[in-house]
Amino acid sequence: MERQLWLLWAALAVPLLYCLTNLRRRLGTGRRPLPGPTPLPLIGNLIDLRRGNLHHTLARLARTHGPVMYLRLGLTDAVVVSSRDAASEAFMRHDRRLAGRAIPDIARALGFSERAINWLPSSDPHWKTLRGVLATHIFSSRALAAARGVRERKVRDLEVYVGRAVYGAMLNLMSSIVFSVDVVADMDMDAAAGSTQGIRELLNDLVSSAAKPNVSDLFPFLRPFDLQGWRRWTAKKLEKFYRFLDDMIDRRLTEDSDSSSRDKHGDFLDVLIQLMSAGKLARGDITSLLFEVFASGTDALVVTVEWTMAELLRNPRVMAKVRAEIQGTLGSKEAIEESDVACLRYLMAVMKEAMRLHPVAPLMLPHMAMEDGVEIQGHAVPKGHTVIFNTWAIMRDPAAWERPNEFIPERFMDRPEMVFKGKEPEFSPFGSGLRLCPAQPMAERVVPLGLASLLHAFEWRLPNGLLPDEFDLSERFNHTNVPAVPLKAVPFAIT
Ligand code: HEM
């Protein structure tokens with residue numbers, strides 16, 4: 001009986017809610033109504049999004065409906081921003097109001113979203129504390145300078161592993177900065193997580209689960225039931241990862257209590273434990289912060305290196321030019337340092353152009369309007385609407401770039417103002433404003449260092465005699481934007 005009542009309630013509530021919210025969208029604000037494809041009852045515009053990569057589909061719809069476009073996704077409302085000018089207005093005038101997050105249900109597993117920088121609203125004091133911890137203790141100039149040796153050593157490993165090892169090297173880089181351990185080797189030998197599954201698969205599963213369509217996100221009233229089981233599934237995977245991290249934390253706490261001298265590793269975990277002892281962080285914060293560093297960081301660094309290498313292999317002219325710059329500047333130097341890379345201007349332009357064309361997070365993370373009063377290009381965006389910045393489309397906006405779909409690194413040589421801070425929305429691969437990626441200062445050093453190491457040590461060719469023109473550079477959106485065909489390239493050692 002209870003079930004029947006529930007179904008009856010749902011049957012009545014859904015169309016009612018649909019009419020009310022549609023009415024609010026159309027009439028509520030007195031401003032220009034938001035344009036967009038006509039939503040169907042119940043499912044809204046899901047049918048418009050069913051094919052292809054989401055960022056491509058959204059860009060195509062925006063060409064018809066405009067750069068500020070409304071979509072109804074199940075029972076939720078979203079606004080998609082797709083042009084440089086609209087993004088500029090959104091960030092310049094409404095950054096704080098738009099710095100909320102639309103939280104996917106899987107992020108609620110084990111209460112993660114209540115502790116995560118990614119998901120806490122920017123008005124939450126805990127978000128400020130956690131970002132402050134990262135900003136001061138990992139990504140400040142001082143902390144970055146202190147960890148420079150670690151990054152240079154780890155990136156050098158690329159020269160030994162090559163190929164799939166970009167991932168191993170970047171994962172070890174993150175884990176060395178965080179807790180002075182190479183997790184890739186550790187996980188293979190040692191079942192630290194109490195599991196036979198590798199850390200990479202676990203991270204991949206967790207990160208890609210965010211891209212899975214979930215009825216709990218489309219029909220929030222169904223959230224308590226977790227009908228597809230994605231939240232439970234995520235909780236299990238997250239538990240495994242947390243066990244691995246907790247084990248690392250416990251080992252460190254035991255070491256600390258056995259030894260008279262604290263702070264002997266000088267890594268991020270030392271800092272976090274100190275903050276916990278001072279009552280500034282809870283034990284659970286440490287685990288989830290470490291998880292965020294791995295989950296947000298590793299893939300993004302790897303995929304950026306991968307895309308840049310892919311564009312270089314596709315464009316032999318640029319490859320020759322960037323290698324000439326590297327060889328000319330570094331010669332036969334064996335161990336490349338960050339300071340060497342800082343003066344490789346063309347390499348930096350190559351990296352920027354690859355990030356412009358293939359942002360790792362083409363839709364950033366979903367923002368949310370936290371207050372009424374947001375107006376973009378004359379369209380009101382009401383409180384509670386998800387705001388999706390299609391940074392992929394924004395960075396290819398023909399109003400901002402000539403030949404926007406072509407790989408032309410030279411365009412960045414004459415635009416020194418185009419740095420990674422997202423001040424110019426036409427180049428914002430790390431986001432913009434309050435929610436700008438906190439790791440941007442580190443990524444800006446690590447990625448070119450990794451690229452320089454790969455390009456200095458080896459000459460790269462496509463496998464099986466493939467010609468550059470035949471090389472498939474299509475994208476696949478799987479939470480992050482990865483090459484549809486994983487990059488395979490053959491390194492030749494330079495003699
Ligand atoms: C090339 C590498 C990277 C790129 C391109 C990148 C890009 C981004 C983007 C686009 C966002 C979302 C901004 C928004 O929604 O407005 C973001 C957020 C974030 N990134 Fe990165 N990221 C990179 C590396 C890293 C690394 C190494 C870490 C490690 C700690 C990291 C941690 C985070 C966190 C915690 C957030 C959430 C910030 C917030 O919501 O307040 N990222 N990143």
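I began with a cut-off: a residue counts as buried under 20% relative accessible area, as exposed over 50%, and as partly exposed in between. Ser-180 has a relative accessible area of 37%, so I entered Ser-180 as partly exposed. Everything below refers to a predicted model.

**Entry 1, positive phi outside glycine**

I looked up Ser-180 because its phi is near 55°, a positive value in a residue other than glycine, and because the cut-offs above place it as partly exposed. I found Ser-180 in the loop between α8 (165-179) and α9 (183-189). I then turned to Asp-226, where phi is near 45°, again a positive value in a residue other than glycine. Asp-226 belongs to the loop between α11 (215-218) and α12 (230-258), and with a relative accessible area of 1% I recorded Asp-226 as buried.

**Entry 2, the chain as a whole**

I noted 20 helices and 11 strands in the protein chain, and that buried residues make up 54% of its 495 residues. I also looked at how far contacts reach along the sequence: among those between residues at least 6 apart, 72% join residues at least 24 apart.

**Entry 3, the five-stranded sheet**

I traced an open sheet of five strands, in the order β1-β2-β7-β4-β3, and the pairing in this sheet is mixed. β1 (68-73) and β3 (100-101) stand at the edges with a single partner strand each, so one side of each is left without a neighbour in the sheet. At the β3 edge I found two bridges to β4 (residues 367-368), the two strands running antiparallel, and in β4 the bridge partner of Arg-101 is His-367.

I next looked for helices on the sheet. Helix α2 (residues 54-65) packs on it, touching β1, β2 (76-81) and β7 (386-389), and the direction of α2 makes about 120° with that of β1. Helix α3 (residues 84-94) lies across β1, β2, β4 and β7, and runs at about 130° to β7.

**Entry 4, strand β1**

I asked myself how many of the residues of the edge strand β1 are buried. The count is six of six, and β1 is thus entered as mostly covered. In a regular strand the side chains alternate between the two faces of the sheet. I therefore listed the two sides of β1 separately, finding Val-68, Tyr-70 and Arg-72 on one and Met-69, Leu-71 and Leu-73 on the other, with both faces covered and these residues all buried.

Six bridges join β1 to β2, and these strands run antiparallel; the bridge partner of Val-68 in β2 is Val-81. The hairpin of β1 and β2 has two residues between the strands, and there Gly-74 takes a positive phi near 60°.

**Entry 5, the iron atom and the loop between α19 and α20**

Which residue of the protein is a donor of the iron atom of the ligand? I found Cys-437 as the only protein donor, through SG, at 2.3 Å. Cys-437 is in the loop between α19 (410-413) and α20 (440-457).

I then went through the aromatic pairs, of which the structure holds 14. For Phe-420 and Phe-430 the ring centres are 5.6 Å apart and the planes are at 85°, so I entered the pair as edge-to-face. Phe-420 and Phe-430 both lie in the loop between α19 and α20, so the pair ties together parts that are 10 residues apart in sequence. Phe-420 is buried, with 2% relative accessible area, and Phe-430, at 12% relative accessibility, counts as buried too.

Lys-352 lies over the face of Phe-420, at 5.5 Å from the ring centre, and I noted that Arg-356 lies over the face of Trp-401, at 5.2 Å from the ring centre. Elsewhere in the list of ring pairs I found a cluster linking Phe-112, Phe-179, Phe-241, Tyr-242, Phe-244, Phe-291 and Phe-294.

**Entry 6, Val-303**

My last lookup was Val-303, in helix α14 (residues 283-314), which counts as buried at 4% relative accessibility. Leaving out residues up to four places away in sequence, Val-303 touches Val-360, Asn-481 and Val-482. I also recorded that Val-303 and Thr-480, though 177 residues apart in sequence, are 8.3 Å apart in space, C-alpha to C-alpha.

Technical notes:
Residues are numbered from 1 along each chain as its sequence is written. This is a predicted model: local features need pLDDT of at least 70, side-chain atom pairs count only at pLDDT 80 or more; totals for chains, interfaces and linings use all residues. Side-chain values use heavy atoms; hydrogens and water are left out. Two strands pair if DSSP finds at least two bridges between them. Contact means heavy atoms within 4.5 Å. Axes are lines fitted to C-alpha atoms, for helices over the stretch in contact, and angles run from 0 to 180 degrees between N-to-C directions. Donors are N, O and S atoms within 2.8 Å of the metal (3.2 Å for Na, K and Ca); water is not among the atoms, so sites may look incomplete. Rings of Phe, Tyr and Trp (its six-membered ring) pair if their centres lie within 6.5 Å; planes under 30 degrees apart count as stacked, over 60 as edge-to-face and the rest as tilted. Buried means under 20% relative accessible area, exposed over 50%, partly exposed in between (1.4 Å probe, protein chains only). A charge sits over a ring if NZ of Lys or CZ of Arg is within 6 Å of the ring centre and within 35 degrees of the ring normal.
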